[in-house]
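Trainee: Could you show me how to read salt bridges and side-chain contacts in a structure? I'd like to go through them one at a time.

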Amino acid sequence: VTRQADPVVLQVMGPSDAEIIAAVLGGDTGMYRHLVLRYQNTYRRYATRVLGSGDDADDALQLAFVRAFRGLASCRTPERFAAWLYQIVVNECRTFASRRTRRERRIVADEELLHQIAVGEQPESGSLGIEDVQRALDDLPLEQREAFVLKHVEDLSYDEMADLTGASVSALKMRVKRACDRLRELLEEVPQ
Amino acid sequence: MIEENREGDAFIGRVSSALRPTPQADEAFVERVMATVEATGPSQSRNWWLRPRTFRVSPLATLAMAAGVALAAVGVGQLATRSGDRVPAATAASDTVYLVRFVFNDSAAQTVALVGTFNDWTKSATPMTQSAPGLWTVTLPLHHGRHEYAFVVRDARGERWGADPAAVLRRDEFGTESSIVSVGTS
């Protein structure tokens with residue numbers, strides 16, 4: 001299985017986050033565009049996997065950016081804007097997911113899946129298709145889904161997850177374990 | 001004790017691999033965010049006290065307050081009558097009411113008014129007073145329950161309506177945001 005490398009920002013061009021935030025708080029609202037451009041895709045995978053829909057992820061991220069703008073003055077360490085925004089995204093996804101009834105959940109239809117269908121790509125031998133995996137992920141309770149994605153998709157440590165979610169490390173380990181067990185049950189029945 | 005070694009097995013690796021491809025935003029995403037942001041107005045310094053503050057008032061105190069408003073109406077004539085109009089709950093209440101202090105911080109604002117379900121969203125009904133530079137306040141007697149509200153701010157750029165980001169937000173079917181204050185329900 002070839003693991004696709006995550007995009008890594010090697011160098012941030014232009015003004016720093018803290019400089020942009022100072023300008024926005026000084027009244028230059030247009031400068032906020034730089035932050036949106038810089039982070040518009042950073043947490044998109046998390047939102048898409050937790051919400052199970054590219055459209056819902058887009059809505060949640062849009063709300064998160066607007067909420068971050070409105071509360072920008074309360075970002076006490078502007079140089080850590082990315083981490084602060086991550087918390088807002090996690091909270092917005094929770095709110096979004098809890099508002100949505102199970103009946104309304106949709107199976108992921110993001111660009112990767114559409115691309116696979118369009119060009120007739122099949123998952124590599126021995127790998128799992130995103131549609132089956134996302135469907136199984138959608139079947140998990142929100143807390144388990146959130147913990148699994150943070151741990152095994154976003155590669156966060158349990159300490160980082162605890163900072164982000166407000167849950168204890170032991171609670172997060174339990175959620176991840178239960179998520180893994182349930183995914184096994186759901187996916188090991190899927191023909192390879 | 002959680003068995004972490006089970007989490008790291010090959011099966012979970014395959015699940016993770018399937019979920020790792022990163023979706024990209026469409027080209028209009030930034031424009032959608034900025035359109036909302038620019039409609040919201042400048043980001044402002046907001047503190048904990050921007051949340052509506054609630055003080056419970058006994059029925060006896062309500063009667064005393066109502067009497068005070070009535071006396072003011074007699075003494076100041078037309079102006080006091082308008083003042084009475086601003087606080088209808090105070091004069092009409094027969095059960096417990098709660099004094100809710102609304103605070104809004106905007107140094108560029110020329111006038112700020114509070115609108116909500118308690119004044120039928122009437123802009124002229126509840127003007128806020130600038131009690132310090134940029135600090136706009138008003139205190140209203142509200143009954144137990146859930147009240148929606150928003151601020152109407154007029155500054156050099158014109159007039160805009162905005163919800164209080166420090167409070168619970170409500171968005172109607174048209175995407176218009178207002179804020180929620182729950183009185184006497186905690």
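**Reading contacts and salt bridges**

Mentor: Let's start with one polar contact in this predicted model. A polar atom of the Asp155(B) side chain is 2.9 Å from the backbone nitrogen of Arg157(B).

Trainee: Where is Asp155(B) in chain B?

Mentor: Asp155(B) belongs to strand β6, which covers residues 145–155 of chain B.

Trainee: Is Asp155(B) buried or exposed?

Mentor: The general idea is to compare its relative accessible area with a cut-off: under 20% is buried. Asp155(B) has a value of 8%, so Asp155(B) is buried.

Trainee: And which residues is Asp155(B) in contact with, leaving aside neighbours within four places in sequence?

Mentor: Those contacts are Ala108(B), Ala109(B), Gln110(B) and Arg160(B).

Trainee: Now for salt bridges. How many are there over all chains?

Mentor: The general idea is to look for a side-chain nitrogen of Lys or Arg within 4 Å of a carboxyl oxygen of Asp or Glu. Over all chains, the count is 22 salt bridges. One of them joins the side chains of Arg44(A) and Asp58(A), with an N to O distance of 2.9 Å. This pair links distant parts of the chain, 14 residues apart: Arg44(A) is in helix α3 (residues 44–51) and Asp58(A) in helix α4 (residues 54–70) of chain A. Both Arg44(A) and Asp58(A) are buried.

Trainee: What about Glu92(A) and Arg67(A)?

Mentor: Their side chains also meet in a salt bridge, at 3.1 Å from N to O. Glu92(A) sits in helix α5 (residues 81–99) and Arg67(A) in helix α4 of chain A, so this pair ties together parts 25 residues apart in sequence.

Trainee: Are Glu92(A) and Arg67(A) buried or exposed?

Mentor: Glu92(A) is buried, with a relative accessible area of 6%. Arg67(A) counts as partly exposed because its relative accessibility is 33%.

Trainee: Can we look at a salt bridge in chain B too?

Mentor: Of course! Lys123(B) and Glu159(B) form one, and their closest N and O atoms are 2.8 Å apart. Lys123(B) is in the loop between β3 (111–116) and β4 (129–132), whereas Glu159(B) is in strand β7 (residues 158–162), so the two are read as linking distant parts of chain B, 36 residues apart. Glu159(B) is partly exposed at 36% relative accessible area, and Lys123(B) is partly exposed at 39%.

Trainee: Which residues do salt bridges with shared partners join into one network?

Mentor: That network is made of Arg44(A), Asp58(A), Asp26(B) and Arg32(B).

Conventions
Residues numbered from 1 in each chain as written. Chains lettered and ligands numbered in written order. Predicted model: local features only at pLDDT ≥ 70, side-chain atom pairs only at ≥ 80, totals over all residues. Heavy atoms only, no water. Helix = DSSP H or I, 4+ residues; strand = E, 2+ residues; numbered from the N terminus. Buried < 20%, exposed > 50% of the residue type's maximum accessible area, 1.4 Å probe, protein only. Polar contact = N/O pair within 3.5 Å; in protein donor to acceptor, adjacent residues only side chain to side chain. Contact = heavy atoms within 4.5 Å.
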